Amino acid sequence: MRIIILGAGRVGESVAESLVSEQNDITLIDPDPERLRVLEDRLDLRGVAGNGIQPSVLRSAGADDADLFIACASLDETNLAACKVARSVFGIQTTIARLRSPEFEEGDELLSNAGFAVDHVICPEESVMRYINQLIDFPEALQVLEFSQGQANLIAVRVAEGSILVNHTIGEFRELFPEAPMRVVAVYRQDAELPVAPGTRVLPGDEVFVLAAKSKIRKVLGAIHKDDRPVRRIMIAGGGKVGLRLARNLAANYQVKIIESNRKRCDYLAAQLPSQVLVLAGDSTDEELLIEENVGEMDLFIALTSDDEDNILSAMLAKRLGARRVMSLINRRVYAEMMQGSAIDIALSPAQTVIGELLVHVRRGDVAAVHSLRRGAAEAIEGVARGDERTSKLVGRRIEEIVLPTGARFGAIVRGKESAAEVLMPYHDLIVQEGDHVIIFIPNKRLMRAVEKLFQVSATFF
């Protein structure tokens, strides 16, 4: 695809990096030519320096032939104006805007063709908050991703010593846990992928990716990670946009403390948040303050300041002082990779949380959801089987008859809608029906094009 991205900040850079790796034709617009030169040297893309709301700059970026326009500059007004120009002047079919303000929602009349012409809205702050909420609901998971409107979940869990599945093979899981049907789609040991075969034995410390119906997730977690105590007490470091949204969202159901170093911001937080949320003025890396506020009794410590180093330090300090589980917001990819397997349980990346939302609009075929996994190296894709036996590579065929690229694996089939939906495990003799939502795990993005073709309906298929 020919894609124009406006804004070379952290989100824009991550989006460009993800899309470039799939051999898309990417042009990046930003007012800072030096920033563009750095990214041009590192990534296979073209940079255009200038103001992205000006038609002349968009024309220089190739807007006349673009398939997709993604506006992720730092200001909402810039993104809104740029999308309007992209559609009205150049007729770009799909526009996506990063909008921080909660007053702009996808589908609003204001964002229609008659308004700002924004087809899809992304908000990294909102995405991070939703992601954290999922991890709070399932506290022992490393990652929780929803498919088919919440009917199925893909969870990543580190296998705990003493859990039911330790030292058993994947082939034995079904017998050990018949009441919770699950599909293991990947196993990683010390960052190396193991073959997902019946004879593969799971050991403590392994990272296991499992697909199951949402109603069975708690049982699955109990099998893999013995300790699944609910979260009650939460401490948040950083009262910025994400911290405020999260604290407001959690206040009704959890005991929440929030630490903010800026005194004026503390006053604002105290005015905006319910009275039961305790707002603390101080430095989240201050050991004495954390001890005084009983960080060791916290079920969850979440570092959400704008400084990666402070987030890493405060989360590691909280863990050393006894916090049961710690998360850290980390923007720089190299830091996130360094923290893998450290005292920090989960490294959160704002850009990575929205990559999947964007990839849905880049993928070919009838794709309902895409989730980026393992810092963008792998993906899980949910597509809808369309057509019939003559026009589709999926419909009317048994699972064992469908040829996937080497390494890709079926995760689950969701059949039916809403309350009538049924999550089916993809056993060899299951026949795919028209309208089924098919979830496939892809360990390497190089396999994506071959998987996409499965969801494309052809005039005739031989």
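## Sheet, cores and pocket in a predicted model

Strand 2 (residues 25-30) and strand 3 run parallel and are joined by four bridges. Within this pairing, Asp-30 of the model, which is a predicted one, stands opposite Ala-49 in strand 3. The two strands belong to an open sheet of six strands, arranged in the order 3-2-1-4-5-6 with parallel pairing. At its edges are strand 3 (46-49) and strand 6 (120-122), each of which pairs on one side only. From one strand to the next, the twist averages 20 degrees.

The nonpolar interior can be described next. The largest nonpolar core has 74 residues, and those with the most contacts inside it are Ile-132, Phe-147, Leu-154, Ile-234, Ile-302, Leu-304 and Leu-348. Helix 5 (residues 124-137) contributes the largest share of this core, namely six residues. Apart from the largest core lies another, of 47 residues, which includes Val-20, Leu-43, Leu-45 and Leu-404. In soluble globular proteins, nonpolar side chains tend to be buried together.

Which residues are in contact with Ile-132, once its neighbours within four places in sequence are left aside? They are Leu-246, Ile-302, Leu-304, Met-327 and Leu-348. Of these, Ile-302, Leu-304 and Leu-348 are also listed, together with Ile-132, among the residues with the most contacts inside the largest core.

The second largest pocket has a volume of about 850 Å³. It is lined by 41 residues, of which Arg-10, Arg-98, Arg-100, Glu-125 and Ser-306 are the closest to its centre. The elements that give two or more residues to this lining are set out below.

| Element | Residues |
|---|---|
| helix 1 | 10-20 |
| helix 5 | 124-137 |
| helix 8 | 241-250 |
| strand 13 | 255-260 |
| helix 13 | 350-359 |

Helix 1 gives the most to the lining of the second largest pocket, with four residues. Helix 5, which supplies six residues to the largest core, also gives two or more residues to the lining of this pocket.

A charged residue in a loop deserves separate mention. Glu-293 lies in the loop between helix 10 (287-292) and strand 15 (300-303). Is Glu-293 buried or exposed? Glu-293 counts as buried because its relative accessible area is 13%, and the cut-off for burial is under 20%. Not counting residues up to four places away in sequence, Glu-293 touches Met-235, Lys-257, Leu-278, Leu-280 and Met-298.

Key: Residues are numbered from 1 along each chain as its sequence is written. This is a predicted model: local features need pLDDT of at least 70, side-chain atom pairs count only at pLDDT 80 or more; totals for chains, interfaces and linings use all residues. Side-chain values use heavy atoms; hydrogens and water are left out. A nonpolar core is a set of buried Ala, Val, Leu, Ile, Met, Phe, Trp, Tyr and Cys residues joined through side-chain atoms within 4.5 Å. Buried means under 20% relative accessible area, exposed over 50%, partly exposed in between (1.4 Å probe, protein chains only). Contact means heavy atoms within 4.5 Å. Two strands pair if DSSP finds at least two bridges between them. Axes are lines fitted to C-alpha atoms, for helices over the stretch in contact, and angles run from 0 to 180 degrees between N-to-C directions. On a 1 Å grid over the protein atoms alone, a cavity is a set of points where a 1.4 Å probe fits but cannot get out, and a pocket is an open set with protein on both sides within 12 Å along at least five of seven lines; lining residues have an atom within 4 Å of a point. Grid points are joined across faces, edges and corners, and a volume is the space filled by probe spheres set on the points.
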